[in-house]
Amino acid sequence: MTFSALGLAETLLQSLKTLGYKTPTPIQEQAIPAILEGRDVMAAAQTGTGKTAGFALPILHSLATDGIKVGSNSVRALVLVPTRELAEQVHASFRQYGEHSGVSTYAAYGGVSINPQMMRLRRGVDVLVATPGRLLDLYSQNALKLNKVQILVLDEADRMLDLGFSTELDAVFAALPKKRQTLLFSATFSEVIRSLAKARLRNPLTIEISPPNSTVKAVKQWMVPVDKKRKTELFLFMRKDRKWGQVLVFVKTKRGADELVKVLHAKRIKADAIHGDKPQPARLRALESFKAGEVQILVATDVAARGLDIDDLPQVVNFDLPIVAEDYIHRIGRTGRAGATGEAISLVCADEAPMLAAIEILLKQTLSREEEPGFQPDHRVPLTGAAAIAAVAAKKIKKPKVAGGRSGKKTPDNWVGFDSAPKRPGARPAARPGGAPRSTGKTGQKPNKSGSR
Ligand code: AMP
């Protein structure tokens, strides 16, 4: 299969040639013809599958060839994304692919002044990539009309819902014309995504590129139990001991990211952080330096790292486990791409056992435990998943000392730890079939809507 066989305009083929894209990826092969036909599409595809070109190319083709001119303050294709970084990145892709197409593109997101965005929109843009909050700001200030939108894309729709944008999405849908083409892309097809698609898409073609809720096979995933206070020390030890090169490190909080970078700087290790408190230019600079190999360790929070085009990293380290189990899949998608093998290492302390259990249920696999000599934790990390069931069955284990014990502390319903492990050998754990419930509500923490986690 070639791109020209897909019927794309010559101007687009020219850009693809410059970029060195030779053959369409599987999602592009399926999505491009359907989108060119005008069909709605619902696609489960993770970052790294080529999904952006999968929707950008047919949109550019349609807009370049339909002979319609965009009016002032109007938009013909609207691409909604969860974060500023993804907006930049998706917009950059549209620009690259559409360089010779004559289609105008623009990105609008929060955290920067709204005035230049209002000015630019006066002339109208063919393709607007936007985050939902800023889009509605522009709409409510009459800087933008949505009644001429021909194509709507929801990119990383699962993430938009995780970030609490569902009210904003409802408001956007209310302002859009009923007759339009809608394309929904999501890393996973959760129940809530399916019901969104049912309500908003018309007879969509469903594409599933990798099985939902599964991780890239070439990634070796394992966890190291460790006491919380020794995580930094363990990370530094493993980096040196295993001669890691560039590593992307995920942490839970902005403060955690800054603190780790401070320690790394003190050790003269080139490191930088990306998180929601950093201004957009600083985040992009950090990313560029990392890609250019000038920064060895990039420390990121989930929202800041979402959608960033970083791939083929040999190691991704989960310094903290994510609060939302699905984020684990996004995180480790940064390694082991395009046939390369990768490692995803999680440093897990006792408090994080419920999160580990939620991740393992989502993955439908138990992460192998590899204790690091000299770093065995004082606070034992309770066994989870199959290991917990086996241990309970064999009556080999004692009660854990801390979290997950009988302290009355909340754990997810599906946690296969001591409190919820079956008493009878062979009995099934209390896991919901088809995936884990969001761990968000259980931990009492709400993801930050503004993308500042
Ligand atoms: P995405 O999944 O859209 O984030 O794309 C991941 C990466 O794959 C990006 O760096 C794209 O530039 C690249 N890419 C997308 N489609 C192709 C293709 N057909 N051939 C080669 N590279 C591609």
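Mentor: A helix here is a DSSP run of H or I with at least four residues, and a strand is a DSSP run of E with at least two, each numbered from the N terminus. The model is predicted: local features need pLDDT of at least 70, side-chain atom pairs count only at pLDDT 80 or more, and totals for chains, interfaces and linings use all residues. Residues are numbered from 1 along each chain as its sequence is written, and side-chain values use heavy atoms, with hydrogens and water left out.

Trainee: What phi does Lys-364 take just after α15?

Mentor: Lys-364 takes a positive phi of about 55°.

Trainee: Why is helix α15 called largely enclosed by the rest of the structure?

Mentor: A residue is buried under 20% relative accessible area, exposed over 50%, and partly exposed in between (1.4 Å probe, protein chains only). In helix α15 (residues 353-363), eleven of the eleven residues are buried, so the helix is largely enclosed. Among them are Ala-353, Pro-354, Met-355 and Glu-360.

Trainee: How do you know whether Ser-190 is buried or exposed?

Mentor: Its relative accessibility is 16%, so Ser-190 counts as buried. Ser-190 is found in the loop between β6 (181-186) and α9 (191-200). The C-alpha atoms of Ser-190 and Asp-158 are separated by 7.7 Å, although the two residues are 32 apart along the chain.

Trainee: What makes Arg-76 and Asp-66 a salt bridge?

Mentor: The term requires a side-chain nitrogen of Lys or Arg within 4 Å of a carboxyl oxygen of Asp or Glu. The closest N and O atoms of Arg-76 and Asp-66 are 2.8 Å apart, and the pair therefore qualifies. This pair links distant parts of the chain, with Arg-76 in strand β2 (residues 75-80) and Asp-66 in the loop between α3 (51-65) and β2, ten residues apart. Arg-76 counts as buried at 4% relative accessibility, while Asp-66 counts as partly exposed at 30%. Side chains of opposite charge can pair when their charged atoms come close.

Trainee: How many salt bridges does the structure hold, and what is the N to O value for Glu-233 and Arg-230?

Mentor: The structure holds 17 salt bridges. The side chains of Glu-233 and Arg-230 meet at 3.0 Å, N to O, and therefore satisfy the cut-off. Glu-233 has a relative accessible area of 40% and is partly exposed; Arg-230, with 24%, is partly exposed.

Trainee: Why is the pair of Arg-331 and Asp-302 said to tie together parts that are 29 residues apart in sequence?

Mentor: The two side chains meet in a salt bridge of 2.8 Å, N to O. Arg-331 lies in helix α14 (residues 325-332) and Asp-302 in helix α13 (residues 302-305), so the salt bridge ties these parts together. Arg-331 and Asp-302 are buried. Elsewhere, salt bridges with shared partners join Lys-51, Asp-155 and Glu-156 into one network.

Trainee: What makes β8 and β14 a pair of strands?

Mentor: Two strands pair if DSSP finds at least two bridges between them. Two bridges join β8 to β14, and the condition is therefore met. Trp-222 stands opposite Ser-368 in β14. Seven bridges join β8 to strand β13 (residues 342-348), and these strands run parallel; Gln-221 has Ala-344 as its bridge partner in β13. Strand β8 (residues 219-225) is mostly covered, with six of its seven residues buried.

Trainee: In what order do the seven strands form the open sheet, and what makes β10 and β14 edge strands?

Mentor: The order is β10-β11-β9-β12-β13-β8-β14, with parallel pairing. β10 (271-274) and β14 (368-369) each pair on one side only, as edge strands do. β10 pairs with strand β11 (residues 297-300) over four bridges in the parallel sense, with Ala-273 opposite Val-299.

Trainee: How do you know that Thr-52 makes a polar contact with the ligand?

Mentor: A polar contact is a pair of N or O atoms within 3.5 Å; within protein, one atom must be able to donate a hydrogen and the other to accept it, and residues adjacent in sequence count only if both atoms are side-chain atoms. An N or O atom in the side chain of Thr-52 is 2.6 Å from an oxygen atom of the ligand, and the pair therefore meets the cut-off. A backbone N or O atom of Gly-50 lies 2.7 Å from a ligand oxygen, and a polar backbone atom of Lys-51 is 3.3 Å from one.
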